[in-house]
Amino acid sequence: MLNQVTLVGRLTKKPELRYTLDGKAVLNVTLALNRQYRNSAGEYDADFVLCTLWNKAAENTVKYCTKGSILGVVGQLQTRNYENQEGKKVYVTEVVANSVKFLGGKPSEDRELHTT
């Protein structure tokens, strides 16, 4: 069986790093991906795909990327579910990243570049 996904898209918001109880870095991001064809209004629609990054990939993405940055993600499609506060079962489909490439994009306004 093959379960491999390759995406190139822009971060929809500034990434915020979290840590699991055992200290592993985890980052949930959403990538905006333009479709290859125009809609009836002549515009390109976009899809928004949830991706989960772990460990160094998560830490480096927070360090070097911001909203609008272009990322290349290779990973596996995964579906999980949980029960929300109202007791309803919620299903989530996401890409769990095996590798992440920074492909350029908008520079961070928070970060200054230092040369020494």
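This tour goes through one hairpin, the salt bridges and an aromatic pair, in a model that is predicted.

Begin by selecting residues 25-38, which make up strand β3, together with residues 44-54, which make up strand β4; the two strands pair in the antiparallel sense over 10 bridges. Within this pairing, pick out leucine 31 and look across to valine 49 in β4, which stands opposite. Then follow the chain into the turn of the hairpin, where 5 residues lie between the strands and glycine 42 takes a positive phi near 85 degrees.

Stay with the same hairpin and show the side chains of arginine 35 and aspartate 47, which meet in a salt bridge with a distance of 2.7 Å from N to O. Arginine 35 belongs to strand β3 and aspartate 47 to strand β4, so this contact ties together parts that are 12 residues apart in sequence. Neither partner falls under the 20% limit for burial: arginine 35 is partly exposed at 29% relative accessibility, and aspartate 47 is partly exposed at 32%.

This is one of 3 salt bridges in the structure. For another, move to helix α1, residues 55-64, and select lysine 56 and glutamate 59, whose closest N and O atoms are 3.8 Å apart. The two residues are 3 apart in the helix, and therefore about one helical turn separates them. Lysine 56 is exposed, with a relative accessible area of 58%, whereas glutamate 59 is partly exposed, with 27%.

Next, select arginine 80 and glutamate 94, whose side chains also form a salt bridge, again with 2.7 Å between N and O. Arginine 80 sits in strand β5, residues 69-83, and glutamate 94 in strand β6, so the pair links parts that are 14 residues apart in sequence. Is glutamate 94 buried or exposed? With a relative accessible area of 4%, glutamate 94 is buried, while its partner arginine 80 is partly exposed at 34% relative accessibility.

Finish with the rings, of which the structure holds 1 aromatic pair. Select tyrosine 64 and phenylalanine 102, and compare the orientation of their planes: the pair is tilted, with 50 degrees between the planes and 6.3 Å from centre to centre. Tyrosine 64 lies in helix α1 and phenylalanine 102 in strand β6, residues 89-105, so the pair ties together parts that are 38 residues apart in sequence. Turning on the surface here, you will find tyrosine 64 partly exposed, with a relative accessible area of 43%, and phenylalanine 102 partly exposed as well, with 38%.

Methods
Residues are numbered from 1 along each chain as its sequence is written. This is a predicted model: local features need pLDDT of at least 70, side-chain atom pairs count only at pLDDT 80 or more; totals for chains, interfaces and linings use all residues. Side-chain values use heavy atoms; hydrogens and water are left out. Two strands pair if DSSP finds at least two bridges between them. Helices (H or I, at least four residues) and strands (E, at least two) are DSSP runs, numbered from the N terminus. Rings of Phe, Tyr and Trp (its six-membered ring) pair if their centres lie within 6.5 Å; planes under 30 degrees apart count as stacked, over 60 as edge-to-face and the rest as tilted. Buried means under 20% relative accessible area, exposed over 50%, partly exposed in between (1.4 Å probe, protein chains only). A salt bridge is a side-chain nitrogen of Lys or Arg within 4 Å of a carboxyl oxygen of Asp or Glu.
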